[in-house]
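Open the model in your viewer and keep the sequence panel visible. The tour below goes from one selection to the next.

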Amino acid sequence: MTRHVVVIGGGPAGAAAADAALRYGARVTLVDSNESLGGQYNRRIPMAYGVRRPLRIGHGYAAADLRARRLAEHPRCEYLSWASVYRLEPAPGGGPPVVGLLRGIEGEQRTAHEIRGDALILATGAYDRVCPFPGWDLPGVYTGGAAQTLAKTQRLLVGRSVLVSGTGPFLLPVARALADGGARVRAVLEANAGPRLLRQWSARPWQLRHSADKAAELVEYLACGVRQRIPLRASRAVIAVAGDRRVEEAVVARLGPDWTPIPGSRVSVSVDAVVVTHGFTPQIELAVAAGAELSSDGFVRVDRAQRTTAESVWAAGEITGIGGAQVAAIEGVVAGMAAAGADPSADRALRARQRTARQFVTRLAAAHPIRSGVLSWSAPDTVICRCEGTTRAALTDAWSRSIGNVDRPVKLATRAGLGPCQGRLCAADVEALRDHLHPDEIRADRTLPGLAAAAPAHRPLAAPVRLRELAALDGECPRTAQQPTGPRVD
């Protein structure tokens, strides 16, 4: 009997998983919230623009296009674009969860559907984390993902004079996208120390033997920096911005090993935009809803076949560890094979690539952690929860008046984490700040997250749903056809 594999996510991990599952005889329903496959890595100008030969910023577009065409033309593949998965529910009689989704562009009329397959692969990716600092809520402060998306899909620059700050290799492609678009990138600021980066990346080089593509990308980004005269500075960061209703200047400081600003090192730089990324937060809402266990650092726990602890549920890509597009694609292949009923361990070459990919993920987390000194950047009037405008002073006051379990009363008193994002952007920062200010109340299992900044929670609605859409759901969503109707790309 042909297995029906449902894949959620159309980025490198999801597309690779769908491709592999098809190769091993499965039927595939590929659910993607975007207009076309590619995810953040291969994001492109919208089709409605009618650009015949669009300039593409980044790598891997040729391979991504080839895979997209292969999936679109495959008779056993159904691709659902503009599909937002808002819930997972236990399936009657066991097996993978039932997938509830809304199809259509948000803000317009969307249709509700339910899908149930024999296996579910989650490849939901991650989004930028930004640690709060004075002025980070001013217009002109962007995450790296937002700046790159605007450059890729709209050919818009976030500013003409820009500082790129944070930690991790993602800073480099963001700087290149801005520079290629015509912006003056004043500097790329890496918060971690240069000797630490060199030590972490140069140790045991044989473990990275399958990462030649990444090395080539790094050389290309560095060469771009030399051509564009973009300084790359380690142990430095933007720790504050200021301006009259928008960014006009940024305060840059040298940092100690724990990211505490070194006294006397602060300088002001005139800019009209600041791009900041302090690592990534995995989008684990659907994994938590499916009942999958998380590791201590907030990622989805998987075995060598990318299988989660939830029945008939696999996971691949950034939700299992931040590693980039190549790592995500390797994990997607493994998950797709396993979900289709094949044994990925029988492929020795694939097993070696997967092992190297996991080593790269570990290396990346070790080289680019978030240090506790970042908590000293915020001031009493710094906004921590942007949705509700909750400041550090409001949180500190609520904590000082709370007794026992402080989490719930502080949340109710300050509304931190209760806004539209439901804590996705602020929960990790609130928790880290709370532990920093009240070390005597830290539980043994609480540590400051590194590249992962997950705030595990079971949210019944994993994506925004309008009240009118909820009202229209009568409990009987139309199910997708059990057999694909043929090649289709919406």
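Select Trp259 and Trp377 to begin: both residues are buried. The coordinates are a predicted model, so read every value here as computed from that model.

Keep the two tryptophans selected and show their rings. The structure holds three aromatic pairs. One of them is formed by Trp259 and Trp377, and this pair is stacked, with 6.1 Å from centre to centre and 15 degrees between the planes. Now colour by secondary structure to see where the partners come from. Trp259 sits in the loop between strand S14 (249–254) and strand S15 (267–270). Trp377 sits in the loop between H9 and strand S19 (383–385). The pair links distant parts of the chain, 118 residues apart.

Next, go to helix H9, residues 348–367, and select Arg351, which lies in this helix. Is Arg351 buried or exposed? Neither label applies: its relative accessibility is 31%, so Arg351 counts as partly exposed, since that class runs between 20% and 50%.

Add Arg304, Arg348 and Arg355 to the selection and switch on the surface. Together with Arg351, these arginines gather in a patch of positive charge on the surface.

For the last stop, move to the loop between S19 and strand S20 (390–391) and select Arg386, which is found there. Arg386 has a relative accessible area of 44%, so this residue is partly exposed. Then add Cys426 and draw a distance between the C-alpha atoms. Arg386 and Cys426 are 40 residues apart along the chain, and their C-alpha atoms are separated by 7.7 Å.

Technical notes. Residues are numbered from 1 along each chain as its sequence is written. This is a predicted model: local features need pLDDT of at least 70, side-chain atom pairs count only at pLDDT 80 or more; totals for chains, interfaces and linings use all residues. Side-chain values use heavy atoms; hydrogens and water are left out. Patches are made of residues with over 30% relative accessible area and no salt bridge: like charges are joined within 9 Å, nonpolar side chains (Val, Leu, Ile, Met, Phe, Trp, Tyr) within 5 Å. Accessible areas come from the Shrake-Rupley method with a 1.4 Å probe; for residues, only the protein chains shown count as cover. A salt bridge is a side-chain nitrogen of Lys or Arg within 4 Å of a carboxyl oxygen of Asp or Glu. Lys and Arg count as positive and Asp and Glu as negative; His and the chain ends are not counted. The place of a charge is taken as NZ of Lys, CZ of Arg, CG of Asp or CD of Glu. Helices (H or I, at least four residues) and strands (E, at least two) are DSSP runs, numbered from the N terminus. Buried means under 20% relative accessible area, exposed over 50%, partly exposed in between (1.4 Å probe, protein chains only). Rings of Phe, Tyr and Trp (its six-membered ring) pair if their centres lie within 6.5 Å; planes under 30 degrees apart count as stacked, over 60 as edge-to-face and the rest as tilted.
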